[in-house]
Amino acid sequence: MTDYTEMWRNLGLNLENHAGLLEVLTEGYKNIYLSQKGRPKGMEYFDFVISEVHGLRIKEIYEAKQSGRKVVGTFCVYVPEEIILAADGIGIGLCAGAEVGTNEAEKFIPRNTCALIKAFMGFKLAGLCPYVQLTDLIVGETTCDGKKKAYEIFDSITGKMYVMEIPNMKNEESKKLWHSEVVRFKEGVEGITGKTITLANLQKGATLVNERRRALQRLSNLRVADPLPISGLDALLVNQVSFYDDPVRFTQMTNRLCDELEERIKDGTGVAAKGAPRVLISGSPLAIPNWKLHSIIEGSGAVVVGEESCVGERNFRDLLDENFSSVDEALEKMASRYLRIDCACFTPNDERLENIKSLTEKLHVDGVIHYALQFCTPYMMEAYKVEKAIRTIPFMRLETDYSMEDFGQLKTRVEAFLEMLK
Ligand code: BJ8
């Protein structure tokens, strides 16, 4: 095993706390992931990525930085990654899904803040996130109130924040505002990287991101099969890894996994018995290593067939129209592609209801679990409309955080819900 201690020290991590974190993560991964039966062989790559999550990938980015590339961290799928790649930058998703550094975070933000916000603050404050340390720019956005106010504080801690103004509505004025924000972002990225974004570079960036989206769409489409060729836990992991792996390598390995899944489908090989209850999870993002709900559902005899979430369908549903012949046209198409995203921070947000309905049909869903992080008002509120929209499909709403304290209680509720689906 490679010793990365020197690199972590250079990045300013708290070595003692960091060793503890890796130990917990390794143990949790063993229990939740490696104990699954009948996994596709193609998951070995993703197991390796997790085993090197703070090792090899950090070393790659560290070396890329030394050769002059810039690193841009993001928290939201509204940030156009094509622009970052067009300037030869590296885009990294910074959302965290573990209860870490809570005490430190609560010195800056209220206790009743969603776990995702507490976690990104906590990881940084406890000296545990090498990705944040590597960033040259951290991009926030005006989505929910919690995030936009936390970014002000995060800027005073890191000094690296850049905030994109995301409108709350999708009318003509909002579209103009958002388009101007995309243009401003392009200029901001040019400023930090010292590179001019050209048509050719934008085309390259667009192809890279679209190829990754196509691979994730392919994976999503293969989850239609019964028996299911890949567990929901594994599919979730692939989606989580997509936010920080090298995009070319990730696309190649995901397509390779999909080749194998196609063979499994032909052979009728599944990870659960044919006819196992099929669940769609819908709601707040499931940042790595938040595997709690999937492990409860799949540990109770059902399968998770889809995530209507930013770590899931919302991230790859729409491709960018690559048919552009100038930088201006590319930015217009980008603005329109990103504004189609159906986050609950928008009002009204009826596209989301339509998207959920068509997902339940496509994936032959038996039940929907609406998942909201505690204090995530946009998704907690929208659960009402989702329930009304899907009408005939059994529905349950859950609110939880990253702690394991409610594991038993959630399991009891999920088991009762799954009984209804049989
Ligand atoms: S596009 S879901 S990634 S904003 S969970 S911090 S909403 S209180 S993360 Fe999100 Fe972009 Fe929307 Fe997706 Fe606030 Fe809710 Fe916390 Fe959230």
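Tutor: A salt bridge is a side-chain nitrogen of Lys or Arg within 4 Å of a carboxyl oxygen of Asp or Glu, and we shall use that cut-off on this structure, which is a predicted model.

Student: How far apart are the closest N and O atoms of Glu 60 and Arg 57?

Tutor: A salt bridge needs a nitrogen within 4 Å of a carboxyl oxygen, and Glu 60 does form one with Arg 57. The two residues are three apart in helix H4 (residues 56-66), which means that about one helical turn separates them. Their closest N and O atoms lie at a distance of 2.7 Å.

Student: Is Arg 57 buried or exposed?

Tutor: A residue counts as buried under 20% relative accessible area and as exposed over 50%. Its partner Glu 60, at 28% relative accessibility, counts as partly exposed. Arg 57 has a relative accessible area of 10%, so this residue is buried.

Student: In which helix do Glu 172 and Lys 175 lie about one helical turn apart?

Tutor: Glu 172 and Lys 175 form a salt bridge whose closest N and O atoms are 3.5 Å apart. Glu 172 counts as exposed because its relative accessibility is 53%, while Lys 175, at 40%, counts as partly exposed. The two are three residues apart in sequence, and the helix that holds both of them is H10 (residues 172-193).

Student: How many residues apart in sequence are the parts tied together by Lys 385 and Asp 350?

Tutor: The side chains of Lys 385 and Asp 350 meet in a salt bridge, with 3.4 Å from N to O. Lys 385 belongs to helix H18 (residues 377-390), whereas Asp 350 belongs to helix H17 (residues 350-362), so the pair ties together parts whose separation in sequence is 35 residues.

Student: Which residues are joined into one network by salt bridges that share partners?

Tutor: A search of the whole structure finds 43 salt bridges. Where such bridges share partners, they link residues into one network, whose members are Glu 308, Arg 314, Arg 317, Asp 342, Arg 352 and Glu 382.

Student: What radius of gyration does the protein have, set against that of a compact globule?

Tutor: The protein has 19 helices and eight strands, and its C-alpha atoms fill a box of roughly 60 × 50 × 45 Å along the principal axes. For 422 residues, a compact globule would have a radius of gyration near 22 Å, and the value for the protein agrees with this, being 21 Å.

Student: What percentage of the 422 residues in the protein is buried?

Tutor: Residues count as buried under 20% relative accessible area. By that cut-off, the buried share of the 422 residues is 55%.

Methods. Residues numbered from 1 in each chain as written. Predicted model: local features only at pLDDT ≥ 70, side-chain atom pairs only at ≥ 80, totals over all residues. Heavy atoms only, no water. Helix = DSSP H or I, 4+ residues; strand = E, 2+ residues; numbered from the N terminus. Rg over C-alpha atoms; globule rule 2.2 N^0.38 Å. Buried < 20%, exposed > 50% of the residue type's maximum accessible area, 1.4 Å probe, protein only.
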